[in-house]
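Colleague: I'm new to this one and would like a close look at a single part of it. Could you bring it up and walk me through one strand and its surroundings?

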Amino acid sequence: MADNQMDEYEAQSQRIRERMDRIGRKIMIMSGKGGVGKTTVTVNLANALVDMGCRVGVLDTDLHGPNVAVMFGCRDGELMSEDGHTFIPVKPRENLSVMSLAFALEDPDAPVIWRGSLKNSAIRQFLGDVEWGDLDYLLIDTPPGTGDEQLTVCQSIPELTGSIIVTTPQEVAVLDARRSVNFSRKLGVAIIGVIENMSGLVCPNCGFEIPIFGKGGGKRMCQDMHVPFLGAIPMEAGLPNAEDKGKEWITEPGVHPSAEALKAIANEINNGTACSTSRDTSFLGTPSCKPSACASCTSNCPSRKKQ
Ligand SMILES: Nc1ncnc2c1ncn2[C@@H]1O[C@H](COP(=O)(O)OP(=O)(O)OP(=O)(O)O)[C@@H](O)[C@H]1O
Ligand SMILES: [Mg+2]
């Protein structure tokens, strides 16, 4: 890197530090397998946390398939800047700020064909050059896997609170989720917990539950890998349609077990009863789950009890 590029990189790192310092908990939502419900979880947790009175930001780092804007019902949002340097997040509702590459795309059908270095700099811009302001939470939606986007998030955000790993109960999804657990450990990121999504399909007519992807695979993985289990969310027929229309699912009228499960998980996260016990300390050479680095630690946190 040339000297002036180094200076700009350092200046950007400083801007990221300053912006992130004003945010309470910074949480990355990840999965090994695609399509397991990361964006669904991110959007619904964000709405549930706002309903609880929190100020929430959502950053969409899925640059090739940015779906967050659609699910929040703000796909017409535009990337706005007053000074040409800093961007103003789109606010689909009070206390909710959203940033996504979708707001910068003139043609929503155009593919984003970017290599890692471009993705890295776009995510760093979203972190450092967006007016996030004072927030209680920044939820970071990621694409599937353990690649450029996740690495950039983990390496750019000082004191990332932790990761939430989403899986379905199906064996192939769980196998991939195990890699996400180990990725977090290798990067020294606390694991807030694992969510088992699509955990049985509830028939809208009779309420009978069909285990389409099986049940319990995520929970068993948590026991096996000693990571917290945040809860299981059933499949529900009305959810995809609500997301396509940008409707808030957790406040949809009617009885919705998936909405109840999402609200319970948001509650658990906000109460701080979940926390990682799973840092790979041999890699880091530091003690596990420092409360100062993990805002979701409370006296109930099993790793804190060990200290
Ligand atoms: N609990 C659920 N019940 C019914 N449908 C669901 C549920 N969770 C997610 N879906 C649907 O499954 C599909 C995939 O969900 P989503 O886009 O949230 O997954 P993702 O992990 O973010 O995918 P990607 O890896 O492509 O980013 C969507 O059509 C969504 O509406
Ligand atoms: Mg997604």
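In the hairpin of β7 and β8, which residue takes a positive phi? Please start there and then show me what else surrounds β7.

Modeller: Sure, and keep in mind that this is a predicted model. The residue you're after is G207, with a positive phi near 80 degrees. The hairpin has 6 residues between its two strands. On the far side of that turn is β8, a short run covering residues 209-210. β7 and β8 pair in the antiparallel sense, over 2 bridges. If you want to find that pairing on screen, look for L201, which stands opposite I210 in β8.

Now for the other partners of β7, which itself covers residues 191-202. Strand β6, residues 162-167, runs parallel to β7 and is joined to it by 5 bridges. One place to spot this is T167, whose bridge partner in β7 is E196. β9 is another parallel partner, paired with β7 over 6 bridges. There you can look for V202, which stands opposite E236 in β9.

How does that leave β7 in terms of burial? Of its 12 residues, 10 are buried, so β7 is largely enclosed by the rest of the structure. For the whole protein, 49% of the 307 residues count as buried.

β7 also has a link to ligand 1. It is one of the elements that give two or more residues to the shell around the ligand, along with α2 (38-51), β9 (229-236) and α8 (239-244). So you meet β9 twice here: as a parallel partner of β7 and as a contributor to that shell. The shell holds 22 residues, of which G34, G37, T39, T40 and P240 come nearest to ligand 1. By class, 8 of the shell residues are nonpolar, 10 are polar and 4 are charged.

While you have the model open, take a look at a helix pair too. Helix α6 (residues 171-187) and helix α7 (residues 217-225) pack at an angle of about 35 degrees, with axes 10 Å apart. Their crossing is right-handed. From α6, the contact uses E171, V174, A177, R178 and V181, while α7 brings G217, G218, M221 and M225. That contact divides into 5 nonpolar, 2 polar and 2 charged residues.

As for the wider setting, the protein has 11 helices and 9 strands. Among its contacts with a separation of 6 or more, 77% are between residues 24 or more positions apart.

Notes. Residues are numbered from 1 along each chain as its sequence is written. Chains are lettered from A and ligands numbered from 1 in the order in which they are written. This is a predicted model: local features need pLDDT of at least 70, side-chain atom pairs count only at pLDDT 80 or more; totals for chains, interfaces and linings use all residues. A residue is near a molecule or strand if its C-beta atom, placed from the backbone, lies within 6 Å of it. Helices (H or I, at least four residues) and strands (E, at least two) are DSSP runs, numbered from the N terminus. Ala, Val, Leu, Ile, Met, Phe, Trp, Tyr, Cys and Pro count as nonpolar, Asp, Glu, Lys and Arg as charged, and the others, Gly among them, as polar. Axes are lines fitted to C-alpha atoms, for helices over the stretch in contact, and angles run from 0 to 180 degrees between N-to-C directions. A crossing is left-handed if the near helix is turned anticlockwise from the far one by less than a right angle, and right-handed if clockwise. Two residues are in contact if their C-beta atoms, placed from the backbone, lie within 7 Å. A residue is buried if 20 or more other C-beta atoms lie within 10 Å of its own, exposed if 12 or fewer, and partly exposed in between; C-beta atoms are placed from the backbone. Two strands pair if DSSP finds at least two bridges between them.
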